[in-house]
Amino acid sequence: MHIRQRIVFATIIIALLAFILIVVYMTDNITEGAQLPSGDSITLQSSDITDISPVSTDESNVTDLIDASTEPTETETPDTAGPDNNPPPTEVTNDDDGFIVYHTDSSDIARGSLILINSANYYSPPEDTGFVFIGELKTPHYRVSAPDMLLSGMAIDPLNEMMEAFYDHSGLDNVIVRSAFRDNDSQQQVLDEYIRDVGKTEALKWASPPGYSEHQTGLAVDFGIYRNGAIERFDGAGTYTWFAQNCHKYGFILRYPQNKTTVTKTAYEPWHFRYVGHPHASMIKNKNWCLEEFHQFIHEYSWVDPYKTEIDDTLYAVYFTYNTTIRIPEQYGYMISGTNVDGYIVTYITGPDE
Ligand SMILES: [Zn+2]
């Protein structure tokens with residue numbers, strides 16, 4: 001080969017290699033970006049994922065914590081979202097009596113799918129929020145009003161499943177997520193708009209001051225209807241009643257029902273849905289509670305005599321504790337969520353005789 005031809009050939013090879021390297025690097029980054037760790041979740045499960053109820057295995061809110069002394073087991077967690085990328089905020093150990101001992105720290109109280117935020121309970125987000133872009137991960141049959149809209153990582157798969165189930169049911173793909181996560185500034189903006197329109201007293205029934213809106217958790221979504229290039233109000237009527245009737249199957253609740261305004265201190269908002277996870281969304285729905293009433297109820301139960309309830313053929317024990325050290329039978333699936341107020345709600349799968 002002529003020397004010039006060799007140089008040209010070598011240059012082409014080097015350029016090709018560089019191109020492949022860039023593509024590989026970008027693919028890695030995209031994969032990581034698409035699976036931002038759900039760090040705001042302190043939802044845990046025991047080492048045997050098959051013990052978990054079939055409805056509670058959404059990978060995005062599961063952090064598998066396995067004590068070094070136990071056998072590593074297979075999980076359904078994607079490789080890039082494993083414990084290495086998403087270090088647990090707290091420490092877990094196994095004691096000798098078959099219990100997992102979970103040590104929370106003070107920031108954990110604001111983590112988890114059951115946190116309560118309302119006009120009386122201020123929310124200060126943990127640093128590692130674990131938000132994801134809805135526009136990047138959403139399924140085809142619904143819309144988002146802005147490409148950079150954020151949602152808590154633990155709520156994205158359940159949201160997608162709910163939206164696809166609604167499409168299968170109705171053939172409609174015009175539901176739009178018009179608002180999800182809001183930071184302090186955008187929450188203030190929303191409130192200011194209401195104040196301009198209806199005055200301060202009325203405005204506070206519809207929008208909260210910064211720090212008091214559950215939109216700041218990334219666990220809430222507001223729906224609208226996208227029609228002829230405009231967003232119309234989602235009134236939850238007609239075909240759309242499906243959401244209030246079925247959202248619990250996907251871990252969501254209608255957060256501000258019409259018959260609970262005196263408890264929630266918030267006007268009826270047919271468009272506002274909140275992710276609380278399984279089995280709690282079904283508990284709340286079955287008992288006709290709002291989230292405040294669920295919290296009140298569960299505060300009466302301790303680990304000595306937890307509240308037991310059967311949801312989808314699985315028996316759950318649920319209780320409240322102020323303690324930062326929590327012991328849970330290790331053979332079962334379990335979940336811990338802060339209340340954002342005063343302690344933790346512990347949920348585990350149990351048997352009828354235990
Ligand atoms: Zn809302």
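Select strand β17 to begin: 6 of its 6 residues are buried, so far as this predicted model shows. Two faces can be told apart on β17, and both are covered. Tyr344, Val346 and Tyr348 lie on one side, while Ile345, Thr347 and Ile349 lie on the other. In a regular strand, side chains alternate between the two faces of the sheet.

**The sheet around β17**

Next, add the partners of β17 to the selection. The open sheet consists of 4 strands in the order β13-β14-β17-β16, with antiparallel pairing. At its edges are β13 (307–311) and β16 (334–338), each of which pairs on one side only. Neighbouring strands here are turned by 20° against each other on average, direction ignored.

On one side of β17, strand β14 (residues 314–321) is joined to β17 (residues 344–349) by 6 bridges, and the two run antiparallel. Two pairs are worth displaying: Ala317 stands opposite Tyr348, and Val318 stands opposite Thr347.

β16 is also antiparallel to β17, with 5 bridges between them. Here Gly338 has Tyr344 of β17 as its bridge partner. Select the hairpin of β16 and β17 as well: 5 residues lie between the strands, and Asn340 has a positive phi near 70°.

**A second strand pair**

Move to β4 (residues 99–103), which has one covered face and one uncovered face. Which residues lie on the covered face of β4? They are Ile100 and Tyr102, whereas Phe99, Val101 and His103 belong to the uncovered face. Strand β15 (residues 325–329) pairs with β4 in the antiparallel sense over 5 bridges. To locate this pairing in the viewer, display His103 with its bridge partner in β15, Thr325.

**Helix α3 and the nonpolar core**

The largest nonpolar core holds 65 residues, and Leu151 and Ile253 touch the most other members. Helix α3 (residues 153–170) supplies the largest share of this core, 7 residues. Select Leu151 and its surroundings: beyond neighbours within four places in sequence, its contacts include Phe131, Val132, Ile134, Phe181 and Gly218. Ile156 and Leu159 are also among the contacts of Leu151, and both are buried residues of α3.

Colour the remaining buried residues of α3 in the same way: Gly153, Met154, Ala155, Pro158, Met162, Met163 and Phe166. In an α-helix, residues three or four places apart point the same way. The 18 residues of α3 should span 26 Å at 1.5 Å a residue, and the distance of 27 Å between its end C-alpha atoms agrees. After α3 comes Gly171, with a positive phi near 75°.

**Ala207, a loop residue**

Go now to the loop between α5 (200–206) and β9 (220–227), where Ala207 is placed. Is Ala207 buried or exposed? Ala207 counts as buried because it has 21 C-beta neighbours inside 10 Å. Its contacts, not counting residues up to four places away in sequence, are Val190, Leu191 and Tyr194. For a distance check, select Glu193: it is 14 residues from Ala207 in sequence and 9.4 Å away in space, C-alpha to C-alpha.

**The whole chain**

Finally, zoom out. The protein chain has 9 helices and 17 strands, and 38% of its 354 residues count as buried. Of the contacts between residues at least 6 apart in sequence, 64% join residues at least 24 apart.

Colour the chain by pLDDT. The mean is 79, and 73% of residues reach 70 or more. Residues 26–88 have pLDDT below 50, although this stretch has 131 contacts in the model beyond near neighbours in sequence. Where pLDDT is low, the predicted coordinates should not be read in detail.

Technical notes. Residues are numbered from 1 along each chain as its sequence is written. This is a predicted model: local features need pLDDT of at least 70, side-chain atom pairs count only at pLDDT 80 or more; totals for chains, interfaces and linings use all residues. A residue is buried if 20 or more other C-beta atoms lie within 10 Å of its own, exposed if 12 or fewer, and partly exposed in between; C-beta atoms are placed from the backbone. Two residues are in contact if their C-beta atoms, placed from the backbone, lie within 7 Å. pLDDT is the predictor's confidence in each residue, from 0 to 100. Two strands pair if DSSP finds at least two bridges between them. A nonpolar core is a set of buried Ala, Val, Leu, Ile, Met, Phe, Trp, Tyr and Cys residues joined through C-beta atoms within 7 Å. The expected span of a helix is 1.5 Å times one less than its number of residues. Axes are lines fitted to C-alpha atoms, for helices over the stretch in contact, and angles run from 0 to 180 degrees between N-to-C directions.
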